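Here are some short exercises, each with a worked solution. Try each task on the structure before you read on.

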Amino acid sequence: MSKRILIAYASRVGSTAEVAEKIGEVLRNLGLDVEVRSIKDVTSISNYDGIIIGSAVRMFKLLPETMKFVNRFREEIRNKPVAYFIVCLTMQKDVEESRTRSKEYLKPLLEIKEPISIGFFGGKMDYSKLSFIWRILFKGKVPEGDFRDWKKITDWAGDLFVYFSRS
Ligand SMILES: Cc1cc2nc3c(=O)[nH]c(=O)nc-3n(C[C@H](O)[C@H](O)[C@H](O)COP(=O)(O)O)c2cc1C
């Protein structure tokens, strides 16, 4: 029977949700039984053989629903293979310094369980989806654009397939 994998994502404006869907598509095409869910909607993780947790970052922190999820399922997460991915503007450029900074955001998750892999992905900034106050605060300081690298995301998902198939 194929492995059952949950991809639980936390997204405010949709870019992390799209990354989660892409990872799900790749793993499904490779033959895994994958469910992609908003982290807020997950009520149980007992039926899954592996978990992929993905979160956007806001104000230097993972989204609060990510923390709520990992605290709720802490013990079960410790007993399953897990992978994490992060979608943020710090990863606009994939260089060592960005990865180190992004890994800091993931610290609360890393303290719970060492993952089989971490995906570090650039995010998307679309001013038209932000409230007036954020637009004013970010203007001239935070770049607009879509920094997601779909090849990198697809390749990472392919690597995960190998890990999950072995575990
Ligand atoms: C209000 C706000 C705060 C943000 N804070 C950070 C941050 O502290 N560090 C970072 O790397 N990216 C930050 N970002 C960028 C988001 O992580 C990035 O835009 C991500 O793609 C958003 O994901 P979503 O579309 O799933 O909500 C911030 C974005 C917004 C709108």
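**Before you start**

This is a predicted model, where local features need pLDDT of at least 70, side-chain atom pairs count only at pLDDT 80 or more, and totals for chains, interfaces and linings use all residues. Residues are numbered from 1 along each chain as its sequence is written, and side-chain values use heavy atoms, with hydrogens and water left out.

**Exercise 1. Place Ser 44, and find how far it is from Glu 76 in sequence and in space.**

*Solution.* Start with the place: Ser 44 sits in the loop between strand 2 (33–38) and strand 3. Strands (E, at least two residues) and helices (H or I, at least four) are DSSP runs, numbered from the N terminus. Next, the surroundings: Ser 44 is partly exposed, at 33% relative accessible area. The scale runs like this: buried is under 20% relative accessible area, exposed is over 50%, and partly exposed is in between (1.4 Å probe, protein chains only). Finally, the distance: Ser 44 and Glu 76 are 32 residues apart in sequence, and their C-alpha atoms are 9.7 Å apart.

**Exercise 2. Do the same for Ser 131 and Leu 110.**

*Solution.* Ser 131 belongs to the loop between strand 7 (124–125) and helix 6 (132–138). With a relative accessible area of 36%, Ser 131 is partly exposed. Now go to Leu 110: the two residues are 21 apart along the chain, and 32 Å separates their C-alpha atoms.

**Exercise 3. Work out which residues of helix 4 are buried and which are exposed.**

*Solution.* Go along helix 4, residues 96–105: Ser 98, Ser 102 and Tyr 105 are buried. Look down the helix axis and these buried residues fall within an arc of 35° (using directions from the axis to the C-beta atoms), so they line one face of the helix. Turn to the other side, and Glu 96, Glu 97 and Glu 104 are exposed. What covers the buried face? The cover includes strand 3 (50–58), strand 4 (61–62), strand 5 (82–88), helix 5 (107–112) and strand 6 (117–122).

**Exercise 4. Is Thr 66 buried or exposed, and what is it in contact with?**

*Solution.* Find Thr 66 in helix 2, residues 64–72. Its relative accessible area is 0%, so Thr 66 is buried. Then list the contacts (heavy atoms within 4.5 Å). Skipping neighbours within four places in sequence, Thr 66 touches Ala 10, Ile 39, Ile 53, Ser 55 and Leu 109.

**Exercise 5. Check phi for Met 59 and Phe 60.**

*Solution.* Met 59 is in the loop between strand 3 and strand 4, and Phe 60 is in that loop too. Phi of Met 59 is near 50°, a positive value in a residue other than glycine. For Phe 60, also not a glycine, phi is positive as well, near 70°. Last step, accessibility: Met 59 is partly exposed at 48%, while Phe 60 is exposed at 62%.

**Exercise 6. Zoom out and describe the whole chain.**

*Solution.* Count the elements: seven helices and eight strands. The radius of gyration, taken over C-alpha atoms, is 16 Å, close to the 15 Å from the globule rule (2.2 Å times the number of residues to the power 0.38) for 167 residues, so the chain is as compact as a globular protein of that length. Along the principal axes, the C-alpha atoms fill a box of roughly 50 × 30 × 30 Å. To finish, 47% of the 167 residues count as buried.
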